[in-house]
Amino acid sequence: MDNGIRAIVFDLDGVICHTDRYHYLAWKALADRLGIPFDEKVNQRLRGVSRRESLEIVLGERSTAYSEAEKQALAEEKNEIYKTYLAAMTPDDLSSETRATLQTLRQRGYLLAIGSSSKNTRQILERLGLGNFFDAVADGTRITRSKPDPEVFLLAASLLGVRAEEAVVVEDAASGVQAAVTGGFRVVGLCSGGNDPGADITIRRLSDLTAIFGGDAL
Ligand code: BG6
Ligand code: MG
């Protein structure tokens with residue numbers, strides 16, 4: 001393994017699949033109904049952040065106008081919209097590039113895990129045909145603090161039985177890069193999700209990983 005790296009921990013939304021787009025569309029539908037301005041710029045701040053914390057960002061100054069019970073209902077409303085997109089997903093939504101990259105990295109002997117803030121992680125993996133693929137899945141149902149806290153990545157490492165310095169995190173979000181750095185991981189930033197301050201390496205496409213893991217880049 002390159003420089004003692006034994007494992008690769010992938011963010012899910014925006015790295016393995018394009019569900020980041022569905023998050024955007026679902027928040028946009030909710031914001032439009034509430035008459036709150038919402039665009040791609042605000043959406044960037046939601047990447048990697050939990051559903052409940054995302055709602056606070058979406059509501060912004062309007063947050064104080066809603067009770068806790070109303071906020072729970074709004075978060076649920078967004079999730080129901082989001083799940084209608086998930087329900088239409090099939091294994092065809094896993095790109096051949098991503099599928100081939102994962103298979104190559106596994107053949108090269110790396111342990112592979114998911115580290116996602118999403119509580120929908122299991123459903124998404126099932127729909128993509130990856131329900132039993134990963135060696136470990138750390139997700140939003142198993143953590144108390146979402147990114148930029150490192151909890152989800154530390155859980156993934158623990159489930160794999162590796163130390164943080166033996167694992168690399170692949171992330172598309174600034175909050176995720178920060179979480180990985182704080183946790184002591186090396187980080188590959190996928191630049192499709194915006195800037196990746198703090199990433200050790202930035203890649204443009206997931207398949208670039210096959211050149212990194214097999215070479216001496218990290
Ligand atoms: C992260 C996404 O993976 O999961 C965030 O980047 C999202 O945008 C978070 O808010 C929580 O997702 P879910 O599916 O539990 O609402
Ligand atoms: Mg992401």
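Trainee: Which residue in β3 stands opposite Ile 114?

Mentor: Good place to start, and keep in mind that this is a predicted model. Strand β2 covers residues 111–115 and pairs with β3 in the parallel sense over three bridges. In β3, the residue standing opposite Ile 114 is Val 137.

Trainee: What is the order of the strands in the open sheet?

Mentor: The sheet has six strands, with parallel pairing. Strands β3 (136–138) and β6 (201–203) each have a single partner strand, so one side of each is left without a neighbour in the sheet. With those two at the edges, the order reads β3-β2-β1-β4-β5-β6.

Trainee: By how many degrees are neighbouring strands of this sheet turned against each other on average?

Mentor: Here the direction of the strands is ignored. Taken that way, the average turn between neighbours in this sheet is 25 degrees.

Trainee: Which helix packs on the sheet, touching β1, β2, β3 and β4?

Mentor: Look at residues 151–160, whose contacts include β1 (7–10) and β4 (167–171). The direction of this helix makes about 155 degrees with that of β3. The helix is α7.

Trainee: Which helix gives the largest share of the largest nonpolar core?

Mentor: That core has 35 residues, and among those touching the most other members are Phe 10, Ile 16, Leu 130 and Phe 134. Ile 16 touches Phe 10, Leu 130 and Phe 134, and its other contacts include Leu 94 and Ile 114. The largest share, three residues, comes from residues 121–128, which form helix α6.

Trainee: Between which domains does this core lie?

Mentor: Follow where its residues come from: both domains contribute, so the core lies between them. They are domain 1 (2–17 + 92–212) and domain 2 (20–86).

Trainee: How many residues are in the second, separate core?

Mentor: You can find this one through Val 9, Leu 155, Ala 167 and Val 187, which are included in it. In general, nonpolar side chains tend to be buried together in soluble globular proteins. The second core's count is 22 residues.

Trainee: What radius of gyration does the chain have, and how does that sit with a compact globule?

Mentor: The C-alpha atoms fill a box of roughly 55 × 35 × 30 Å along the principal axes, and 52% of the 218 residues count as buried. A compact globule with 218 residues would have a radius of gyration near 17 Å, so the chain's value agrees with that expectation. The chain has 17 Å.

Terms used. Residues are numbered from 1 along each chain as its sequence is written. Chains are lettered from A and ligands numbered from 1 in the order in which they are written. This is a predicted model: local features need pLDDT of at least 70, side-chain atom pairs count only at pLDDT 80 or more; totals for chains, interfaces and linings use all residues. Side-chain values use heavy atoms; hydrogens and water are left out. Two strands pair if DSSP finds at least two bridges between them. Helices (H or I, at least four residues) and strands (E, at least two) are DSSP runs, numbered from the N terminus. Axes are lines fitted to C-alpha atoms, for helices over the stretch in contact, and angles run from 0 to 180 degrees between N-to-C directions. Contact means heavy atoms within 4.5 Å. A nonpolar core is a set of buried Ala, Val, Leu, Ile, Met, Phe, Trp, Tyr and Cys residues joined through side-chain atoms within 4.5 Å. Buried means under 20% relative accessible area, exposed over 50%, partly exposed in between (1.4 Å probe, protein chains only). Domain bounds come from an automatic or database domain assignment. The radius of gyration is taken over C-alpha atoms; the globule rule is 2.2 Å times the number of residues to the power 0.38. Lists of a residue's contacts leave out its neighbours within four places in sequence.
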